[in-house]
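Work through the exercises below with the sequence and the coordinates at hand. Each task is followed by a solution that goes step by step.

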Amino acid sequence: MNPLVTPEIGLVFWTTVSFLVLFFLLAKFAWKPIMGAIDDRERFIEDSLSKAEAANEEMARLISENESLLKQARAERDIILQEAKKVKDQIIGEAKDAAHKEGARQIELARVEINNQKAIAMADVKNQVATLSLEIAEKVLRKQFEDSSKQDALVADLLKEVKL
């Protein structure tokens with residue numbers, strides 16, 4: 001028979017004694033540090049879990065805060081773009097009005113200049129017509145007064161018309 005399968009009383013005694021000595025030594029010297037290390041590890045794990053949970057809560061808070069800031073930024077951007085469009089439309093409107101006024105002023109100046117040039121041209125034409133008329137009259141009169149009898153007849157007619 002195998003002694004390990006059917007133990008004798010001495011083997012049981014010495015095994016029990018060695019187990020109790022080992023248990024006493026472990027309880028005296030190793031059990032407290034091992035249990036302290038296990039407790040420390042357990043506290044570390046609990047602290048890590050609570051810190052991770054706090055970090056998750058902080059991350060969720062930051063995400064919601066970022067979303068609200070992003071919404072605010074978008075709203076401000078939309079307001080700024082609307083104001084910029086209003087300013088652009090106002091500037092364009094003012095520029096169009098100024099261009100129309102300037103165009104009307106330029107047209108009026110051109111109209112005045114055209115009228116002035118027309119008056120100058122008409123005066124020039126009248127002067128030329130007068131000069132030509134005088135030249136023609138002078139030539140006609142010279143032709144007519146070449147004969148002294150015609151001159152005397154004209155003077156006599158003029159004297160008859162004049163009443164003193």
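The exercises concern a predicted model, and they go from the whole chain to two surface patches.

**Exercise 1.** Determine whether the protein chain is spread out or compact, starting from its secondary structure.

*Solution.* The count of secondary structure elements gives 2 helices and 0 strands for the protein chain. The radius of gyration is 65 Å, whereas the globule rule gives 15 Å for 164 residues, so the chain is more spread out than a compact globule. Along the principal axes, the C-alpha atoms fill a box of roughly 195 × 40 × 25 Å.

**Exercise 2.** Describe the burial, the exposed area and the charges of the protein chain.

*Solution.* Of the 164 residues, 0% count as buried, a class that requires under 20% relative accessible area. The chain exposes about 15200 Å², of which carbon and sulfur atoms supply 65%. As for the charges, there are 24 positive and 28 negative ones, and their mean positions lie 7 Å apart.

**Exercise 3.** Which residues make the nonpolar surface patch, and how is Leu26 classed by accessibility?

*Solution.* The patch, of about 550 Å², is made by Leu22, Leu26, Trp31, Ile34, Met35 and Ile38. Leu26 belongs to helix α1, which covers residues 9-144. Its relative accessibility is 35%, and therefore Leu26 counts as partly exposed.

**Exercise 4.** Which residues form the negative surface patch, and where is Asp39 found?

*Solution.* Asp39, Glu42, Glu46 and Asp47 form this patch. Asp39 is found in helix α1, and because its relative accessible area is 33%, Asp39 is partly exposed.

Technical notes: Residues are numbered from 1 along each chain as its sequence is written. This is a predicted model: local features need pLDDT of at least 70, side-chain atom pairs count only at pLDDT 80 or more; totals for chains, interfaces and linings use all residues. Side-chain values use heavy atoms; hydrogens and water are left out. Patches are made of residues with over 30% relative accessible area and no salt bridge: like charges are joined within 9 Å, nonpolar side chains (Val, Leu, Ile, Met, Phe, Trp, Tyr) within 5 Å. Accessible areas come from the Shrake-Rupley method with a 1.4 Å probe; for residues, only the protein chains shown count as cover. A salt bridge is a side-chain nitrogen of Lys or Arg within 4 Å of a carboxyl oxygen of Asp or Glu. Helices (H or I, at least four residues) and strands (E, at least two) are DSSP runs, numbered from the N terminus. Buried means under 20% relative accessible area, exposed over 50%, partly exposed in between (1.4 Å probe, protein chains only). The radius of gyration is taken over C-alpha atoms; the globule rule is 2.2 Å times the number of residues to the power 0.38. Lys and Arg count as positive and Asp and Glu as negative; His and the chain ends are not counted. The place of a charge is taken as NZ of Lys, CZ of Arg, CG of Asp or CD of Glu.
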